[in-house]
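Work through the exercises below with the coordinates open. Each task is followed by a solution in steps.

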Amino acid sequence: MISVLVADDQAMVRGGFAALLSAQPDVAVVGEAADGLEAVDVALMDVRMPRLDGLEATRRLVQNVPGTKVVILTTFDIDDYVYTALRAGASGFLLKDAPPADLISAVRVVAAGEALLAPSVTRRLIEEFTSRQSIDQREALRLNVLTPRELDVLRLIADGQSNADIAQSLTIAEETVKSHVGRILGKLHLRDRAQAVVLAYESGLVVAGRHSAEARRSRRLRS
């Protein structure tokens, strides 16, 4: 059973999300919160709330309860706050007007230890804000611990590809991809794939906009 606490300053939004998730056989909504002060253990969090906002609540949650995953809720497809939240340790984000099935899927994805990176809007968001920044040389040096194959896998993770997609791209078994992903996260001391994506962009391994286009061309050629 997946335990979820919904944090949003709008009562109707909280209630709607809670009702939708409670109807799922594998999800238990353990509570609702109106702001970040209440949402210490939040998994599904509004990015903008009074008193303690979603960003600070995410930072505290990641520091104090490392095993809990955070999905950021936002009303915008491109939002500075969401990118900051990903850097703070959030596992992904979701638009508040996303279809109900996407919300349910998001909770299950992050509960399983994955990052919510599949929607194309996530790549647009990360590309939008990392393109404004210069390469962080310290982050670039961290990549020296990775093998060439692990760098290939990290590039494809940054493109939002699933393990199955990466396996197809590199013509290797999906179990091999899982092993590579685990070693990448371990070597770089990252929480999950969302943090790997942020590092890939900030280190300059992936240039905003360019790699996604190359990956799409590669997939078209294979098909």
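**Exercise 1. Contacts of Leu154**

Task: Leaving aside neighbours within four places in sequence, find which residues are in contact with Leu154.

Solution. The model is a predicted one. Step 1: apply the contact cut-off, heavy atoms within 4.5 Å. Step 2: drop the neighbours of Leu154 within four places in sequence; what is left is Leu143, Leu146, Ile184, Leu188, Ala196, Ala200 and Leu205. Step 3: place Leu154 in its core. The largest nonpolar core has 24 residues, and Leu143, Leu154 and Leu188 touch the most other members.

**Exercise 2. Composition of the cores**

Task: State which elements give two or more residues to the largest nonpolar core, and name some members of the second core.

Solution. Step 1: the elements that qualify are helix H7 (148-158), H8, H9 and helix H10 (193-202). Step 2: the most comes from H7, which gives six residues. Step 3: a second core, separate from this one, has 18 residues, among them Ala7, Ala33, Ala57 and Ala85.

**Exercise 3. Packing of H8 and H9**

Task: Describe how the axes of helix H8 (residues 163-170) and helix H9 (residues 174-188) are arranged, and list the residues that meet.

Solution. Step 1: choose the descriptors. Two packed helices are described by the angle between their axes and the distance between the axes. Step 2: the axes of H8 and H9 come within 8 Å and cross at roughly 110°. Step 3: classify the angle. The range 65 to 115 degrees counts as roughly perpendicular, and H8 and H9 are therefore roughly perpendicular to each other. Step 4: from H8, Asn163, Ala164, Ile166 and Ala167 take part, and they meet Glu174, Val177, Lys178 and Val181 of H9. Step 5: sorted by class, this contact has five nonpolar residues, one polar and two charged.

**Exercise 4. Asp165**

Task: Is Asp165 buried, partly exposed or exposed, and how far apart in space are Asp165 and Val177?

Solution. Step 1: Asp165 is located in helix H8. Step 2: its relative accessible area is 31%, so Asp165 is partly exposed. Step 3: Asp165 and Val177 are twelve residues apart in sequence, and their C-alpha atoms are 9.7 Å apart in space.

**Exercise 5. Totals**

Task: Give the percentage of buried residues in the protein and the area that the protein exposes.

Solution. Step 1: of the 223 residues, 48% are buried. Step 2: about 10500 Å² is exposed, with 52% of it supplied by carbon and sulfur atoms. Step 3: the protein has eleven helices and five strands. Step 4: among contacts with a separation of 6 or more, 66% are between residues 24 or more positions apart.

Methods:
Residues numbered from 1 in each chain as written. Predicted model: local features only at pLDDT ≥ 70, side-chain atom pairs only at ≥ 80, totals over all residues. Heavy atoms only, no water. Axes fitted to C-alpha atoms, helices over the stretch in contact; angles between N-to-C directions. Helix = DSSP H or I, 4+ residues; strand = E, 2+ residues; numbered from the N terminus. Parallel < 35°, antiparallel > 145°, perpendicular 65-115°, else oblique. Nonpolar A, V, L, I, M, F, W, Y, C, P; charged D, E, K, R; others polar. Buried < 20%, exposed > 50% of the residue type's maximum accessible area, 1.4 Å probe, protein only. Areas by Shrake-Rupley, 256 points an atom, 1.4 Å probe, with all protein chains shown as cover. Core = buried A, V, L, I, M, F, W, Y, C linked by side-chain atoms within 4.5 Å.
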